[in-house]
Amino acid sequence: MRDFLLNAEDKAFREDARRLLTAQLLPRAAAIEEREDWDSVKAAVREMGKAGYLKLMFADLYRGPLKQPGLTHATILSEEAAAINYAFDTTIGTALSCAYPLHRHAAPQVRDRYLHGIVEGEQVGAIGVTEAGVGSDSAGMQTRIEFDGSRNEWVINGFKRYISNASVADTYIVYGITTDGVPAQKGMTALVVPRSAPGISYPRNYHFMGRRGCIVGEVEFRDCRVPADHLLGERDSGFRIMLGMFNFERTILGGSALGVARSAFDIAVAHAQTRESFGQKLGCKQLIWDKIAEMSWRIDAAELLTYRAAKLYDEGSLSPKELMKPASQAKLVSTEAALYCADQAVQILGGDGLTKEYGRAEQIYRDARALTIVGGTSEMVKYLIASVDLPTLKPNL
Ligand SMILES: Cc1cc2nc3c(=O)[nH]c(=O)nc-3n(C[C@H](O)[C@H](O)[C@H](O)COP(=O)(O)OP(=O)(O)OC[C@H]3O[C@@H](n4cnc5c(N)ncnc54)[C@H](O)[C@@H]3O)c2cc1C
């Protein structure tokens with residue numbers, strides 16, 4: 001049953017979001033997919049900003065019709081956007097992941113300077129965690145951040161890769177090590193870095209199999225300097241800030257994956273009901289029923305876990321540590337469901353599923369593959385889930 005955990009206001013928001021995305025994203029989706037047209041992405045982001053949709057996580061800034069905006073609505077927005085175009089959805093997801101620590105942890109003057117452009121949809125944000133030698137093992141980060149007291153500035157040296165919005169972002173949240181000789185959990189710091197900072201460069205963008213239109217690339221920092229007040233939270237508190245962001249990001253990713261899974265399912269169901277094979281509709285075959293049933297329960301499980309995580313977050317009674325398991329479960333089950341549904345949709349369509357000539361199944365298949373890797377791989381979120389269930393055992397990572 002759709003929207004089981006959503007109230008009337010949430011459901012009305014879904015309708016509004018769907019209407020706006022149908023008007024503003026759908027007509028641009030072909031240009032984003034076929035030409036990787038950044039102007040189309042940017043124009044649609046601007047429309048989301050105008051509608052107040054990039055402020056859903058920030059009740060003090062939001063001025064729209066919702067009485068209690070929050071993660072539930074940001075997740076609905078992501079689901080609806082990803083159902084149309086996952087690449088666009090990643091751009092707004094990344095913008096929100098940048099805005100979130102800015103809103104919570106930046107000094108007031110820094111927050112005022114960088115947050116508004118992002119949540120108004122006029123600017124784009126990016127997050128810099130991943131490095132060449134460090135992906136899942138973010139505690140092994142090599143980027144160094146030092147404080148230069150003589151100029152009252154932070155100095156960053158490091159090389160980040162796989163950064164969404166890399167060469168097009170206006171503002172970056174960059175994580176690096178400030179204190180050696182202690183675990184990274186106690187020696188990592190987060191900074192706000194504007195595009196204009198001296199010493200920042202973009203060596204290259206990557207060519208991915210999917211998510212066409214979302215720019216992902218490298219960002220290098222060579223003696224890159226930002227003023228002292230561009231610190232987020234306190235020195236050496238970066239790991240805690242990063243973990244707080246992951247709960248929110250993984251729940252939103254649950255929504256993205258759900259949108260991708262739903263699209264694949266709709267394509268498969270439509271085909272099964274129209275395609276004739278051996279004198280009958282394809283959907284009459286038991287082996288096809290099996291696939292449809294399997295896709296269907298996976299989508300329902302994904303939806304329940306994703307909106308459970310969002311609702312728990314919005315209720316505000318759980319600590320970030322307590323939210324880690326529901327957010328990780330939402331991410332794991334939804335992204336695995338998306339992968340399964342994208343694969344089975346292609347299988348049900350047969351040759352039609354492999355070509356661009358017969359619709360979006362092949363695009364969804366390519367797009368879905370990133371979902372179990374970004375924002376914490378399936379393997380890593382399983383460690384997080386089991387760490388709650390086996391609290392006295394240390395995992396052999
Ligand atoms: C399209 C895209 C966009 C991205 N956007 C961003 C972004 O905006 N900002 C950012 O900072 N990063 C971003 N990333 C990076 C992403 O977060 C990493 O790719 C991800 O965390 C995995 O890291 P890795 O690629 O280095 O793989 P690795 O960490 O090298 O892992 C490779 C494989 O080994 C498995 N593995 C690793 N360790 C273990 C273990 N102990 N036990 C069992 N299995 C293990 C992993 O699960 C994975 O399957 C993006 C990546 C992609 C593909």
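A: Start with a definition. Ala, Val, Leu, Ile, Met, Phe, Trp, Tyr, Cys and Pro count as nonpolar, Asp, Glu, Lys and Arg as charged, and the others, Gly among them, as polar. Keep in mind that this model is predicted.

Q: How many nonpolar, polar and charged residues does the shell around the ligand have?

A: Sort the shell by those classes. Here it has 10 nonpolar, 7 polar and 2 charged residues.

Q: Which residues come nearest to the ligand?

A: A residue belongs to the surroundings if one of its heavy atoms lies within 4 Å of the ligand. In this model 19 residues do, and T130, S136, Y162, T377 and E379 come nearest.

Q: Which polar side-chain atom lies 2.7 Å from an oxygen atom of the ligand?

A: For a polar contact, look for a pair of N or O atoms within 3.5 Å. That side-chain atom belongs to S136. Backbone atoms take part too. A polar backbone atom of V129 is 2.9 Å from a ligand oxygen. A backbone N or O atom of Y162 lies 2.9 Å from a ligand nitrogen.

Q: How much of the ligand does the protein bury?

A: Begin with the ligand taken alone. It exposes 970 Å², and the protein buries 69% of that.

Q: Which elements give two or more residues to the shell?

A: They are β1 (125-128), β3 (153-164) and α12 (378-389).

Q: Where does the ligand lie relative to domain 2 and domain 3?

A: Check which domains supply the shell. Domain 2 (125-235) and domain 3 (239-389) both give residues, so the ligand lies between them.

Q: Why is the ring pair of Y162 and Y206 called tilted?

A: Look at the angle between the planes. Under 30 degrees is stacked, over 60 is edge-to-face, and the rest are tilted. The planes of Y162 and Y206 stand at 50°, so this pair is tilted, with ring centres 4.8 Å apart. Y162 lies in strand β3 and Y206 in the loop between β6 (200-201) and β7 (216-227), so the pair ties together parts 44 residues apart in sequence. Y162, Y206 and F208 form one aromatic cluster.

Q: Is Y206 buried or exposed?

A: Buried means under 20% relative accessible area. Y206 is at 17%, so Y206 counts as buried. Its partner Y162 is partly exposed, at 40%.

Q: What is the phi of F278 near?

A: Phi is a backbone angle to check residue by residue. For F278 it is near 55°, a positive value in a residue other than glycine. F278 sits in the loop between β9 (276-277) and β10 (280-281). F278 is exposed, with a relative accessible area of 79%.

Notes:
Residues are numbered from 1 along each chain as its sequence is written. This is a predicted model: local features need pLDDT of at least 70, side-chain atom pairs count only at pLDDT 80 or more; totals for chains, interfaces and linings use all residues. Side-chain values use heavy atoms; hydrogens and water are left out. A polar contact is a pair of N or O atoms within 3.5 Å; within protein, one must be able to donate a hydrogen and the other to accept it, and residues adjacent in sequence count only if both atoms are side-chain atoms. Accessible areas come from the Shrake-Rupley method with a 1.4 Å probe; for residues, only the protein chains shown count as cover. Helices (H or I, at least four residues) and strands (E, at least two) are DSSP runs, numbered from the N terminus. Domain bounds come from an automatic or database domain assignment. Rings of Phe, Tyr and Trp (its six-membered ring) pair if their centres lie within 6.5 Å; planes under 30 degrees apart count as stacked, over 60 as edge-to-face and the rest as tilted. Buried means under 20% relative accessible area, exposed over 50%, partly exposed in between (1.4 Å probe, protein chains only).
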